[in-house]
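Work through the exercises below with the structure in view, trying each task before reading its solution.

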Amino acid sequence: MTDSDDWRVTISASQAQPSFFPRQAAEEIRSRVGRDVGVGAGEAQIFLYAGTETAAAEAERIARDVLAQRGLTAESAVHRWHPIEEQWENPDVPMPETEAERQEEHQRLVDAETTEALATGKAQWEVRVELHSHRQAVALAHKLESEGRAVVRRWKFLIIGVSDEDEARELAGQIRHEAPPDAVITVEQAGVGWPFPPS
């Protein structure tokens with residue numbers, strides 16, 4: 001596979017077709033599209049990942065041929081990965097080309113995350129801190145809580161929910177200066193609705 005899989009084709013059965021088995025069809029499609037296209041299957045869909053729009057279109061054609069040989073019809077949709085929005089978009093959605101456009105788009109994303117966090121009371125991003133000892137975790141948790149942060153502590157781990165990616169990265173930088181040097185600090189989108197704003 002190539003390192004780039006910025007294009008995705010999603011193939012779904014056009015209607016209820018009892019003979020549509022995505023995983024079986026995906027195996028045959030995989031053997032025909034070559035190593036540069038990633039192929040995956042869910043319960044009712046087949047996904048093709050390619051590095052270019054042309055490669056995605058060719059993979060889509062091959063997949064349709066495979067399904068047609070099995071007497072199946074399918075619907076397909078092509079999307080392009082948007083690295084700033086971090087989601088699949090229609091290919092006709094323009095990508096930012098200049099640094100100013102990228103900054104503007106990033107700010108829109110941060111604003112949307114903050115709005116969502118305030119509306120739901122749930123963090124959109126989190127900073128995870130793994131410390132060497134329980135005592136270090138307690139001490140750092142108390143310090144962060146005294147600054148008004150909502151901290152979830154689990155033995156030697158801390159999880160601090162924040163509104164957006166920028167705030168998460170800024171907080172991680174602050175913690176790197178305050179935590180012991182062997183602390184492991186990571187920033188990621190919140191998978192669980194940690195409290196936000198601070199309680």
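**Exercise 1. Is K143 buried, exposed or partly exposed, and with which residue does K143 form a salt bridge?**

Solution. Begin with the surface: K143 has a relative accessible area of 34% and is therefore partly exposed, where buried means under 20% relative accessible area, exposed over 50%, and partly exposed in between (1.4 Å probe, protein chains only). Next, look for the partner, which is E178, with the closest N and O atoms 3.2 Å apart; a salt bridge is a side-chain nitrogen of Lys or Arg within 4 Å of a carboxyl oxygen of Asp or Glu. This pair links distant parts of the chain, since K143 sits in helix α4 and E178 in helix α5, 35 residues apart. E178, at 33% relative accessibility, also counts as partly exposed. Side chains of opposite charge can pair when their charged atoms come close.

Before going on, note that this is a predicted model, in which local features need pLDDT of at least 70 and side-chain atom pairs count only at pLDDT 80 or more, while totals for chains, interfaces and linings use all residues. Residues are numbered from 1 along each chain as its sequence is written, and side-chain values use heavy atoms, with hydrogens and water left out.

**Exercise 2. How many salt bridges does the structure hold, and where in the chain do E104 and R108 lie?**

Solution. The total comes to 11 salt bridges. In one of them the side chains of E104 and R108 meet, at 3.2 Å from N to O. Because E104 and R108 are four residues apart in helix α3 (residues 99-120), about one helical turn separates them; helices (H or I, at least four residues) and strands (E, at least two) are DSSP runs, numbered from the N terminus. R108 itself is partly exposed, its relative accessible area being 43%.

Then take a pair that reaches further: R149 forms a salt bridge with E167, the closest N and O atoms being 2.7 Å apart. Here too distant parts of the chain are linked, with R149 in the loop between α4 and β7 and E167 in helix α5, 18 residues apart. Finally, E58, R61 and D65 are linked in a network of salt bridges.

**Exercise 3. Describe the surroundings of D164, and state which side chain of opposite charge is nearest to D164.**

Solution. First locate D164, which is found in the loop between β8 (157-162) and α5 (165-178). D164 is buried yet has no salt bridge, and the nearest side chain of opposite charge, that of R169, is 9.0 Å away; in this count Lys and Arg are positive and Asp and Glu negative, while His and the chain ends are not counted.

Now turn to the polar partners. The side chain of D164 makes a polar contact with the side chain of T114 at 2.8 Å, a polar contact being a pair of N or O atoms within 3.5 Å, of which, within protein, one must be able to donate a hydrogen and the other to accept it, and residues adjacent in sequence count only if both atoms are side-chain atoms. The D164 side chain also reaches the backbone nitrogen of E167 at 2.8 Å. Leaving aside neighbours within four places in sequence, D164 is in contact (heavy atoms within 4.5 Å) with V110, E113, T114 and W125.

**Exercise 4. In what order do the strands of the open sheet of four strands lie, and which strands stand at its edges?**

Solution. The order is β7-β8-β6-β9, with antiparallel pairing; two strands pair if DSSP finds at least two bridges between them. β7 (151-154) and β9 (184-189) stand at the edges, and each has a single partner strand, so one side of each is left without a neighbour in the sheet. Within the sheet, six bridges join strand β6 (residues 125-130) to β8, and V129 has L158 as its bridge partner in β8.

As a last step, add the helices. Helix α4 (residues 134-146) lies across β6, β7 and β8 and runs at about 170° to β7, with axes being lines fitted to C-alpha atoms, for helices over the stretch in contact, and angles running from 0 to 180 degrees between N-to-C directions. α5 lies across β6, β8 and β9, at about 20° to β6.
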